[in-house]
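Morning, everyone. Let me put the model on the screen and walk you through a few parts of it.

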4 protein chains.
Amino acid sequence: MINVGIVGATGYAGEELIDILLRHPDVRITDVSAKIDQPKNISEIFPRLKGRIGLVCAEPDLRQIIDKCDLVFLALPHTVSMEIAPVLLTAGKRVIDFSADYRLADTAVYTEFYKTKHKDKANIQKAVYGLPELYRQKIRSAQLIANPGCYPTAAILALAPLTALNLVDTDSIVIDAKSGVTGAGKKVAEALLFSEINEDFKAYKVDTHQHAPEINQELSKLAGKKLKTTFVPHLLPMNRGILETIYVNRSRKPQAASRKLTDLYRKFYKKEPFVRIREEGDFPRIKDVAGTNFCDIGIKDSGENVIIISVIDNLLKGASGQAVQNMNIMYKFPEHTALA
Amino acid sequence: MINVGIVGATGYAGEELIDILLRHPDVRITDVSAKIDQPKNISEIFPRLKGRIGLVCAEPDLRQIIDKCDLVFLALPHTVSMEIAPVLLTAGKRVIDFSADYRLADTAVYTEFYKTKHKDKANIQKAVYGLPELYRQKIRSAQLIANPGCYPTAAILALAPLTALNLVDTDSIVIDAKSGVTGAGKKVAEALLFSEINEDFKAYKVDTHQHAPEINQELSKLAGKKLKTTFVPHLLPMNRGILETIYVNRSRKPQAASRKLTDLYRKFYKKEPFVRIREEGDFPRIKDVAGTNFCDIGIKDSGENVIIISVIDNLLKGASGQAVQNMNIMYKFPEHTALA
Amino acid sequence: MINVGIVGATGYAGEELIDILLRHPDVRITDVSAKIDQPKNISEIFPRLKGRIGLVCAEPDLRQIIDKCDLVFLALPHTVSMEIAPVLLTAGKRVIDFSADYRLADTAVYTEFYKTKHKDKANIQKAVYGLPELYRQKIRSAQLIANPGCYPTAAILALAPLTALNLVDTDSIVIDAKSGVTGAGKKVAEALLFSEINEDFKAYKVDTHQHAPEINQELSKLAGKKLKTTFVPHLLPMNRGILETIYVNRSRKPQAASRKLTDLYRKFYKKEPFVRIREEGDFPRIKDVAGTNFCDIGIKDSGENVIIISVIDNLLKGASGQAVQNMNIMYKFPEHTALA
Amino acid sequence: MINVGIVGATGYAGEELIDILLRHPDVRITDVSAKIDQPKNISEIFPRLKGRIGLVCAEPDLRQIIDKCDLVFLALPHTVSMEIAPVLLTAGKRVIDFSADYRLADTAVYTEFYKTKHKDKANIQKAVYGLPELYRQKIRSAQLIANPGCYPTAAILALAPLTALNLVDTDSIVIDAKSGVTGAGKKVAEALLFSEINEDFKAYKVDTHQHAPEINQELSKLAGKKLKTTFVPHLLPMNRGILETIYVNRSRKPQAASRKLTDLYRKFYKKEPFVRIREEGDFPRIKDVAGTNFCDIGIKDSGENVIIISVIDNLLKGASGQAVQNMNIMYKFPEHTALA
């Protein structure tokens, strides 16, 4: 039984995380905190949790968090995490950070996309990118996990086998991504009002989104060379889920029938509890993974071009579910505990 | 051809009003203004209007408005209208006000529900409540129209015949109202975020909503005695439209078959271009009136109890459509011009 | 560990039931069946379940079901259950039936509302109405559970304390109910198409819905006299959840402050794990219970009139969650197992 | 004043068409028909039209249609139009057909994608592809208009300038298209139920959709050589609107700043009343065109790659609006009449 704290408990990822952890037999939530006007019972903030949790949510008190927790989840926006993580790490705590602060190895890229200087370069090297399908070994012993972004999770899982096996023309990758609105967090902005989004659909940050460098970094590592994708995110009039339609050219002609690519993906992910590969030509939709920690992937290979569709629940495999999967690995709990 | 100005052009009602007026053959929009950081072409604010209107929207300049307009629409929140209307009226302009500022005869009630003192009591008497079905004669010559609230429009039209004919037990009226989200305006608040409203439904201001006194005032006039309804509004996860389900007890036993009540309603509204009465037992839904200026009403009369369902588009018959209907009456244009 | 079968596994309630039971540590699903063209793996029908269940879904084979199951859930439409239940009961199996077939004591009423003769009158007496808050004792030893309808669950829980304590004028009850679309099941009909329901809202079966007699039967038992409510259901443009706004007149003046009614409700439900009473004047919304087995209730008592709002998730407390709660009671599992 | 008939009046495009034509000063609807069980007033089928049109809708009676109409709109599914059009054409009537029956010059392609033999090859040559931006001259005198598909309208308008000017690598075009649900028509199928589509998003007919050959045919004509795009449509949980995100490689390096491409588009469409080009890097969203006949296009040109986003309302510029635009051209009415 471990004691965990959640900083940033009042956002969508925080709420989801509490919900998962309350079902986890080996975890006790001992502290919840957030930027908040005055302390409030967390079940007053989320009436759905009433009767299940009685903790008071207040501004984070790091001394108290260090006293009460073995592991701390930082469900915070970028730039805020790097203020808090160093203190917790120094105190010997393990940390799973939801923000982008420890995901990018190159702080110049961080500054370009997040418009701020990085304040904790020392801990970037320490951080393990928390995508279990690529980094499970390192996650086991990590002290600091940089929990991946939601778009990158779906994109990297969709492209990792092709890229690692050198089957893709690395100049040609187009990622057309569509996300539900919770991906933007609980930000109070006119653009996120119901009447602005309902019955509408739009692209945003066309080829300039901050998740692009994260995708490029991880795929470049797999490809063994620098790679740049074209990434266009869109906003769906729905709460949860991401679907990415990915278009690539093959770098080498397939030596066998198109069926083979599906087989390669199955082999690549064969021990993975949360990646499911569809039959060739069969594609997943968001409903297939909403409310779950799965990433479902479908592939159509015409020989020259490949179309890949990848879906996740942005709040689960794209955030809180993946964080708990990482925690399960770190503490040797069965990996699917509380996740299915 | 008349020249009109719109103050508060950047909200949902303002946008809808521009859209209607651009189709009106006898109207020229000569001024658009709003609370705005810096002047901007209105078609930049509403790209859908591009190529149809080229006016610049700036903070309201009353001198300029007076110079350029015969009639001014105030699509403003309450308390703001009463700062502006007196100036326009003094200058001899006609005014159609969308706010609640000139709807309630009793300023004590205004203060109770709108939490502020009234600052222009003098003009309240002058104002005509702009519900053409009840006040067409007065509207013709009015200088100041208090355009009705959206909930009251649907409620009063649904209950006017029963009340005027003294067929309803005035103590028993229950109005269960449901509205799309544009009814709340373009207010930037957490409660109005897409992810808060989508896949949710809730009541709000239960029996304390500020539209209740407006409904009570008008029905009391019709009944010839003070009347108080029970009014509970709810928020629908959709953009437009209001449906009210109304439960009343009859004050007198019907002397004939239930069909008769429908007949009474048809007779009451027989010259009305925008009220449609359904066959007994057939009920309208929001889709039947969305995008139109109609109010559709269905009735089921069990002898003792009556169930009435009334639907409108909150931005049309509940706001901008009704305002244009009032304008058409004031200027003797055919009443349905630009409205169908 | 018990073995359970699900007949009617391919509908929304069936899918939800499988999802819950897969998380239940004391249950093994041993048979899934449904009206289906040809046998298919259930995870092909519901790709979201892939990797979690491998059973083949075929037309129900009663001999096989009897062989393999201790308990059978019938997630079937009315009239189909009464063909199957008697066979299972005779074979000594326990049955939880989702249909209306065993809910109404009076078969004449059944025939009036379900337009068909009842074919298994013998087992109606045997059936226990599966609302744990009223019938927990009988549920423990029941062989046949008539799992309540979704609307009745929310309505009866909202009105039981008032009615049982003789505090309500039994002639005055108005239930204005609003439901998400899954309440109608996976019926392929034009009226249930996305483009017909999205951005629309409507009442249906106004004062003629088949759940009305079920509500009336249970409340009459509590009141000790025959009672008839006015019940108007509406269809919300959302997937899940029911909210009912209930208007009643008090039969007796309250002897104390309005706070007392909330206290009475709290006392009435004090041992209930799935009923939560709000503070006086605070009302629940659908989001507070969606995805949970809770029924949340808020009350406003003006002395003469009472407004009650009751919310449930129609697929959980209104169907599959309540069925599992009943199962937990029948088999002495902790009542909340797999439900929170 | 011309007399028009509508065959297939009961679908979404039919309803929209009636709504537009009722606002048209030079048109009288003289006949409405559809596949229908028994004759019914069209305002009973669409209660929103009540009071605006009184025609009875029955099965199409071609003799009567020929007697009463100058122009006939066929808002029919493919294969049905080619049964009816020849009769009307022989009788000298002008016809605007919404189906795919007269869009494809190559009947082998028609058979491949529509799974049926073509039965009226004779009239295919006669037909003019009703995209005014490309074929206005021919439309003027056409007897038979093949009204374009919704996806092709957005795609062709987005790609025509690049293709006609030989600026695009014709092997590289990727069209990632997203459509609201009315695009599928009022087809009663499980996949189109509200609870199947709401809160979901999916691709369908991946690279096999029947609109692909239509897009390819028109772009090939512009390019002067055979061209094949990659076309993947998706279904949005909303009623109306199409957004297409298009990725192309440039065939020639731009000789000047990226601003130039926007200028080329503006020049190409400078006389078009219904095409609006955004500033470089500014992209339209569906809301900008919903309820209008506009096609809005935004472009981002990185020198090597170009991203184009094109939006239309599928029921207007993608169907009924475009049909009326074609009619206006055929009869020399001002082109925007009844369309703004």
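One definition before we start: two strands pair if DSSP finds at least two bridges between them. Helices (H or I, at least four residues) and strands (E, at least two) are DSSP runs, numbered from the N terminus.

Now the housekeeping. This is a predicted model, where local features need pLDDT of at least 70, side-chain atom pairs count only at pLDDT 80 or more, and totals for chains, interfaces and linings use all residues. Residues are numbered from 1 along each chain as its sequence is written, and chains are lettered from A and ligands numbered from 1 in the order in which they are written.

Confidence next. The model has an ipTM of 0.96 and a pTM of 0.97. For chain A the average pLDDT, the predictor's confidence in each residue from 0 to 100, is 96. In that chain, 98% of the residues score at least 70. The usual caution: where pLDDT is low, the predicted coordinates should not be read in detail.

Let's go to the sheet in chain C. It is open, with 7 strands and mixed pairing. The order is β10-β11-β9-β12-β15-β14-β13. Which strands stand at the edges? They are β10 (202–203) and β13 of chain C. Each has a single partner strand, so one side of each is left without a neighbour in the sheet.

Take the β10 edge. Strand β10(C) pairs antiparallel with β11 (residues 230–235) of chain C, over 2 bridges. Lys202(C) sits opposite Leu235(C) of β11(C) there.

Now the other end. Strand β13 (residues 275–277) of chain C runs parallel to β14(C), joined by 3 bridges. Arg276(C) has Asp296(C) in β14(C) as its bridge partner. On to the next pair: β14(C) and β15 (residues 305–312) of chain C are antiparallel, with 6 bridges. Asp296(C) turns up again here, opposite Val311(C) in β15(C).

Stay on β14(C). Is this strand buried or exposed? A residue is buried if 20 or more other C-beta atoms lie within 10 Å of its own, exposed if 12 or fewer, and partly exposed in between; C-beta atoms are placed from the backbone. By that count, 7 of the 7 residues in β14 (residues 295–301) of chain C are buried. In a regular strand the side chains alternate between the two faces of the sheet. Here both faces are covered. One side has Cys295(C), Ile297(C), Ile299(C) and Asp301(C). The other has Asp296(C), Gly298(C) and Lys300(C).

The hairpin of β14(C) and β15(C) has 3 residues between the strands. Gly303(C) takes a positive phi there, near 100°.

Another positive phi is at Thr79(C), about 80°, and that residue is not a glycine. Thr79(C) lies in the loop between β5 (71–74) and α4 (81–90) of chain C. It counts as partly exposed, with 17 C-beta neighbours inside 10 Å. Look at chain D too: Thr79(D) has a positive phi near 80°. Its loop runs between β5 and α4 (81–90) of chain D.

While we are in chain D, find Asp70(D). It is in the loop between α3 (62–68) and β5 (71–74). It is partly exposed, with 16 other C-beta atoms within 10 Å. Leaving out residues up to four places away in sequence, Asp70(D) touches Ile2(D), Asn3(D), Val4(D), Lys93(D) and Arg94(D). Contact means that the C-beta atoms, placed from the backbone, lie within 7 Å.

Now chain A and its domains. The bounds come from an automatic or database domain assignment. Domain 1 is 2–147 + 319–330, and domain 2 is 151–312. Their centres, over C-alpha atoms, are 25 Å apart. The contact uses 16 residues of domain 1 and 17 residues of domain 2. On the domain 1 side, the elements giving two or more residues are α5 (107–114), α7 (132–141) and α12 (320–330) of chain A.

Last, chains A and B. Each contributes 16 residues to their contact. On the chain A side, helix α9 (residues 194–197) gives the largest share, 3 residues. What relates the two chains? A turn of 180° and a shift of 0.0 Å along the axis lay chain A on chain B, with an RMSD of 0.0 Å. That is the relation of a two-fold axis. The superposition is by least squares on the C-alpha atoms of residues with pLDDT of at least 70 in both copies. And 100% of the interface residues of chain A are also interface residues in chain B, so the copies meet through the same surface.

Technical notes. Two residues are in contact if their C-beta atoms, placed from the backbone, lie within 7 Å.
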